[in-house]
Amino acid sequence: MTTDRAPTSTLSITYDDKTPRLFLIATVVWGIVAMAVGALIASQLNYWRLNFNMEWLSFGRLRPLHTNAAIFAFVGNMMFAGIYYSTQRLCRVRTASDLLSKIHFWGWQAIIVAAAVTLPLGYTRGKEYAELIWPINLAVAAIWVVFAINFFWTLKKRNEPSLYVALWFYIATIITVAMLYIVNHLQIPTGLLHSYPVFGGVQDALVQWWYGHNAVAFFLTTPILGIMYYFLPKAVDRPVYSYRLSIVHFWSLVFIYIWAGPHHLLNTDLPKWLQMVGMWFSLMLWAPSWGGMLNGLLTLRGAWDKLRTDPVVKFFVVGVTFYGMSTFEGPLLSIRAVNSLSHYTDWTIGHVHSGTLGWNGFMAAGMIYWLAPRLWGTELWSKKLADFHFWIGLVGILLYVSSMWVSGIMQGLLLNATNADGTLLEYGEYVETIQYIQYPMLARLIGGVFYLLGFSLLAVNFFQTIRKGKPVDSTVEVAALNPVEADADQMKWREVIFSDPIFLFMLGIVLLLGVFFLPPFANTLALILFIPVTIKGVVTFQRSNKTWAAWYERLCANWMPFSVLALISVAIGGAVQIIPTITVNRAANIEGRLQELYTPLELAGRDIYVSEGCYNCHSQMIRTLVPEVMRYGDYSRIGESIYDHPFQWGSKRTGPDLAREGGKRSDAWHYNHLMDPRMVTGSIMPSYAWLAEKDTDIKALPAKIGVQRMLGVPYPAMTNHEIEQNAIEQATKITQNLRQPPATIYADPNKQIVAVIAYLQKLGSYKVLDPVKHEPALLGLPDQTRPKAEPETEASTAAPEAEPSTTTN
């Protein structure tokens with residue numbers, strides 16, 4: 001977009017290119033670390049001995065390190081480098097504060113180092129992409145505020161009257177990530193390194209995936225789209241294909257994306273309306289996502305010849321293509337029928353990596369190859385090496401993704417397979433399905449190593465380019481804003497809120513929400529009013545096209561109203577989804593089953609389970625699917641996890657679901673399984689022998705139970721001595737059971753392994769509030785598979801002693 005500007009004075013601006021240089025170096029370094037850890041944990045799934053029997057190198061602890069390093073260290077630093085470089089040039093002004101830029105860079109690197117230390121040591125919150133402990137959470141929030149102040153201050157000081165498209169996506173990123181991070185990380189500390197989230201059970205699940213899905217949307221997608229809208233036109237020396245399409249792309253993406261989180265919880269006991277909202281909004285994402293992809297690719301019109309010769313263009317084009325692929329696959333996986341096959345399998349892993357490595361990774365490589373020569377004032381050290389990186393990286397990611405498709409679909413089909421009359425599972429032992437997918441998992445490892453090798457070549461090329469050149473800070477002459485342009489950034493709030501586009505849109509949203517949430521008759525009235533409001537909006541747009549366009553041009557000259565509208569757009573979806581679940585997730589509103597409270601020792605065991613990262617491989621949510629009920633037992637209810645802070649429904653199964661594990665096996669079986677899984681199964685789970693050497697922190701239990709009470713868990717009043725004595729007595733009883741023949745295992749009751757056994761034996765315990773309401777007839781199960789009605793007293797889903805399990809952590 002261009003504007004005619006009246007003559008005015010000129011300013012000499014020297015951009016702060018030191019900050020982008022630092023973030024670019026950090027991107028390369030942390031990218032290597034993230035991918036190397038990824039290759040290690042992928043190899044552990046093929047060769048369990050590569051866990052090395054060391055707690056800080058076990059899969060459960062390293063996977064969160066890999067995901068956090070890939071998202072916040074690799075993509076995060078790349079994002080900051082691109083934003084700092086492009087924002088200065090789009091605003092024609094130096095970043096507002098060099099001091100804030102320094103604090104941002106060094107503070108972010110300190111956070112990454114803290115994560116790299118604490119996660120392998122087992123300090124975690126137990127929530128995907130949100131594992132970091134509360135002191136680090138506070139640091140992240142503080143540094144993000146520093147970044148936001150510096151960014152918006154720069155917008156305020158700009159010498160360019162209008163906000164370019166890339167800046168829209170940066171604004172949405174900064175605002176939405178702050179909102180998501182703060183809400184999902186609300187917690188109450190129990191000590192310096194431990195806390196419990198304020199949300200529990202189904203509400204924690206919903207908030208987590210509202211955050212988790214939109215962390216992908218607003219940390220891994222919107223800022224990279226902003227980078228695409230700036231760097232891709234620069235690389236091909238062409239303007240963006242369609243400014244109007246970019247408007248539609250931005251606002252529809254920002255509004256729709258925030259609603260899609262519940263598609264991670266399909267076929268669970270999440271309220272049906274939330275599942276449908278997540279699915280339908282995910283399907284709607286096809287339109288804006290592909291609109292953005294086409295806008296990027298069509299920017300190359302007249303410049304496709306550069307695809308043959310310029311490695312930067314190759315990386316950008318393939319990166320944007322992977323954006324299109326992954327945003328097609330995402331809505332596909334959100335369809336309930338498809339999700340019943342794909343969820344908890346490697347198909348989801350392949351989807352995530354096609355976005356992170358295909359979209360983010362290739363866009364990062366293209367940006368690095370384009371920026372490095374300009375920031376160090378020299379030529380790229382080797383274009384041939386960059387070309388080789390492109391091809392080996394492309395082969396690597398294609399091999400990775402395709403092998404995960406094969407693995408995920410194969411395992412999903414095997415787990416759901418039944419005999420001809422549908423009464424028995426074809427593959428009753430979970431470990432059988434793991435054995436079938438060993439070769440695809442090995443192919444995944446090979447593809448990941450190829451990708452790592454390619455990025456290592458980038459590192460060589462990058463640092464040789466630095467060595468060849470010297471740091472350069474660009475200096476340009478820019479025109480200062482004239483009085484008319486400066487006054488344009490004074491849009492009145494009445495003009496913002498009560499203009500036709502916003503007023504009609506907000507009125508339509510309110511009426512549409514009324515259709516779903518108002519009582520009978522009132523919701524019908526809302527629907528009747530919604531129709532003419534929609535017609536009015538369409539007619540007004542057709543008649544007042546130029547007026548609306550002029551209003552939007554004026555909005556783009558006003559960063560504050562623009563930012564507020566972006567905040568409103570993303571806040572609506574979160575509020576509509578989260579607020580109703582506050583009432584659902586209360587014991588007084590639960591029907592059917594209510595979770596039994598954990599004893600002090602069982603609570604300690606649960607915290608150890610979380611710290612070891614067992615949720616990375618085991619779910620605790622039996623979905624409302626016939627094969628899952630046949631395999632694991634009756635499907636899970638909302639009330640059975642109401643007191644779980646954090647929830648442990650999981651998102652990936654490398655081992656069986658544990659929601660009904662309690663009482664199925666003896667204490668001795670669990671002891672042997674934790675000490676050496678190969679003693680009882682053909683598992684790929686690592687040994688957890690250190691649990692028999694480390695003491696359970698009994699002294700911390702009073703503080704933990706105190707926080708649980710604050711969160712609404714109805715623990716009875718107990719003194720510190722009573723809490724500790726209760727834990728010691730239960731631990732002693734378990735060790736006495738272990739000594740009984742034929743096991744004759746002598747264990748110390750003070751050790752962590754005893755607490756974990758206590759927790760595992762509690763899983764699936766609940767009280768029956770109304771036996772009639774949990775009859776699973778709607779599943780269409782054969783009569784003989786329906787559970788018998790339990791008595792009105794305490795009940796458990798414990799099954800008779802079973803054959804050795806195939807648990808694979």
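Let's start with the lining of the largest pocket. Its residues divide into 36 nonpolar, 6 polar and 2 charged. Keep in mind that this is a predicted model.

How much space lies in the largest pocket? About 1,800 Å³. The lining is made of 44 residues. Closest to the pocket's centre are Trp251, Ser252, Phe255, Pro501 and Phe505.

Now, which elements build that lining? Six helices give two or more residues to it. They are helix 8, residues 243-257, and helix 9, residues 272-284. Then come helix 20 (500-517), helix 21 (522-543), helix 22 (545-555) and helix 23. Which one gives the largest share? That is helix 20, with 11 residues.

Next, the aromatic rings. A search of the whole structure turns up 54 aromatic pairs. I'll show two.

The first on my list is Trp168 with Phe562. The two ring centres are 5.9 Å apart, and the planes meet at 35 degrees. The pair is classed as tilted. Where do the partners sit? Trp168 is in helix 5, residues 165-184, and Phe562 is in helix 23, residues 559-584, so the pair ties together parts that are 394 residues apart in sequence. We met helix 23 a moment ago, as one of the contributors to the pocket lining. Are these two residues buried or exposed? Trp168 and Phe562 are both buried.

The next pair is Tyr323 with Trp359. Here the ring centres are 4.7 Å apart and the planes stand at 35 degrees, so this pair is tilted. The cut-offs explain the label: planes under 30 degrees apart count as stacked, and over 60 as edge-to-face. Tyr323 belongs to helix 12, residues 311-333. Trp359 belongs to helix 14, residues 346-375. The two residues are 36 apart, and the pair links distant parts of the chain. Tyr323 and Trp359 are buried too.

Rings also meet charges here. Arg374 lies over the face of Trp370, 3.8 Å from the ring centre. Arg665 does likewise with Trp669, at 4.9 Å from the ring centre.

Last, the domains. What does the domain assignment give for the protein chain? It gives domain 1, residues 493-588, and domain 2, residues 598-768. How far apart are the centres of domain 1 and domain 2? Taken over C-alpha atoms, 46 Å separate them.

To recap the pocket: 36 of the lining residues are nonpolar, and helix 20 gives the largest share of the lining.

Terms used. Residues are numbered from 1 along each chain as its sequence is written. This is a predicted model: local features need pLDDT of at least 70, side-chain atom pairs count only at pLDDT 80 or more; totals for chains, interfaces and linings use all residues. Side-chain values use heavy atoms; hydrogens and water are left out. Rings of Phe, Tyr and Trp (its six-membered ring) pair if their centres lie within 6.5 Å; planes under 30 degrees apart count as stacked, over 60 as edge-to-face and the rest as tilted. Helices (H or I, at least four residues) and strands (E, at least two) are DSSP runs, numbered from the N terminus. Buried means under 20% relative accessible area, exposed over 50%, partly exposed in between (1.4 Å probe, protein chains only). A charge sits over a ring if NZ of Lys or CZ of Arg is within 6 Å of the ring centre and within 35 degrees of the ring normal. On a 1 Å grid over the protein atoms alone, a cavity is a set of points where a 1.4 Å probe fits but cannot get out, and a pocket is an open set with protein on both sides within 12 Å along at least five of seven lines; lining residues have an atom within 4 Å of a point. Grid points are joined across faces, edges and corners, and a volume is the space filled by probe spheres set on the points. Ala, Val, Leu, Ile, Met, Phe, Trp, Tyr, Cys and Pro count as nonpolar, Asp, Glu, Lys and Arg as charged, and the others, Gly among them, as polar. Domain bounds come from an automatic or database domain assignment.
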